[in-house]
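Student: Please take a close look at the aromatic side chains of this model. A connected account would be welcome.

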Amino acid sequence: MIRWVAAAAVLVAMIAGMFLISGKASAHGYVEGPASRAYLCKTGQNTDCGAVVYEPQSLEFPKGFPAAGPADGKIGSGGGTFPKLDEQSSTRWAKVNINSGTNTFTWKLTAAHATTSWKYYITKPGWNPNAPLTRDSFDLNPFCSVDYKGKQPPFSYSDTCNVPARSGYQVILAVWEIADTANAFYNVIDVNFGGGSGGPTDTQAPTAPAGAAASNVAANSATVSWSASSDNVGVAGYRVFNGSTQIGSTTGATSLNLTGLAPNTAYTVTVKAVDAAGNVSGASNAVSFTTLNGSSPGGNYPAWSSTAVYVGGSKVTHNGVNYEAKWWTQGQTPSATSDVWKVIS
């Protein structure tokens, strides 16, 4: 009897551990606009970032900031998992230009999760940008707080917030608190206040993207990729053109899966970078391709379904392109820029 009880206890502990791991693995996300420090590492605009370039969605640590959460000096990395993000100086990180007043903060969730709240903090006037980020760096009253009441958010979620007046370089701390785990996700955003907040107006355009290339060309789709541009403040996104007609855009990603293309049609595509002030770069090199004739081969994989559950290794076809899931997912559309899906032949 004692052995049976002990075995049962071990089994319960194992199952509980599996649920805890599953809960942590399925809840990930990062601030895509204005682009967070980690996201700009992923896009290549921040350099020497370490492993976070592969996992900007994984800045997870116990919730409860400022009473709990990441220790002082480890706020940038969300607790120290990616220590490069805790390096702090006035010139270390690319900055996104914003103004005080109404701003929209957009999260990209690689797996949606029941949510308690979204909160946003900003550094105090006169903070020291050349010292590690601590609680004393921030105004600990969030300038924006959204009670989400345990609901499940969409994969692309936005809050519209009134950002207080500041000048020059500041850091915004965005916190996504999960409802059914003990954790939250912490993203710092390096911003430069200009224009409406009394700082200098940014008039310098980003450099033109380079190395534009096409791949995965099918009957109705193709993937275009390019090298990241640079900017004196920070690149906000890219616009993709066929001739003079814009056919797509990204908020920082350096590739785009073009869908809805016509079969057996020639395309000549260029890419332009844009910064937060609206300055547009020159065009990249032109990349030409012709879509396939008729329906593109989809292999033997089933068509992707928004209601189906997929696990790591699941293969699907979507818009004529084959994809393989990296981990558990449901409802996230396959694309060349997805964190969950990868393109396969």
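Tutor: At 43% relative accessibility, Trp328 counts as partly exposed, because that class lies between buried (under 20%) and exposed (over 50%; 1.4 Å probe, protein chains only). This is a predicted model, in which local features need pLDDT of at least 70 and side-chain atom pairs pLDDT 80 or more, whereas totals for chains, interfaces and linings use all residues. Residues are numbered from 1 along each chain as its sequence is written, and side-chain values use heavy atoms, without hydrogens or water.

Trp328 is located in the loop between strands S19 (321–325) and S20 (329–330); strands are DSSP runs (E) of at least two residues, numbered from the N terminus.

Elsewhere, 17 aromatic pairs are counted, a pair being Phe, Tyr or Trp (six-membered) rings with centres within 6.5 Å, stacked under 30 degrees between planes, edge-to-face over 60 and otherwise tilted. The rings of Phe65 and Tyr121 form an edge-to-face pair, with centres 5.2 Å apart and planes at 75 degrees. Phe65 belongs to the loop between S2 and strand S3 (96–98) and Tyr121 to strand S5 (residues 115–123), so their pairing ties together parts 56 residues apart in sequence. Both Phe65 and Tyr121 are buried. Tyr267 and Phe289 are stacked, because their planes stand at 20 degrees, with ring centres 5.6 Å apart. Tyr267 lies in strand S15 (residues 266–275) and Phe289 in strand S16 (residues 287–290), so this pair joins parts 22 residues apart in sequence. Tyr267 and Phe289 are likewise buried. Ring pairs also link Trp107, Trp118, Tyr148, Tyr157, Trp176 and Phe185 into a cluster.

Technical notes:
Helix = DSSP H or I, 4+ residues; strand = E, 2+ residues; numbered from the N terminus.
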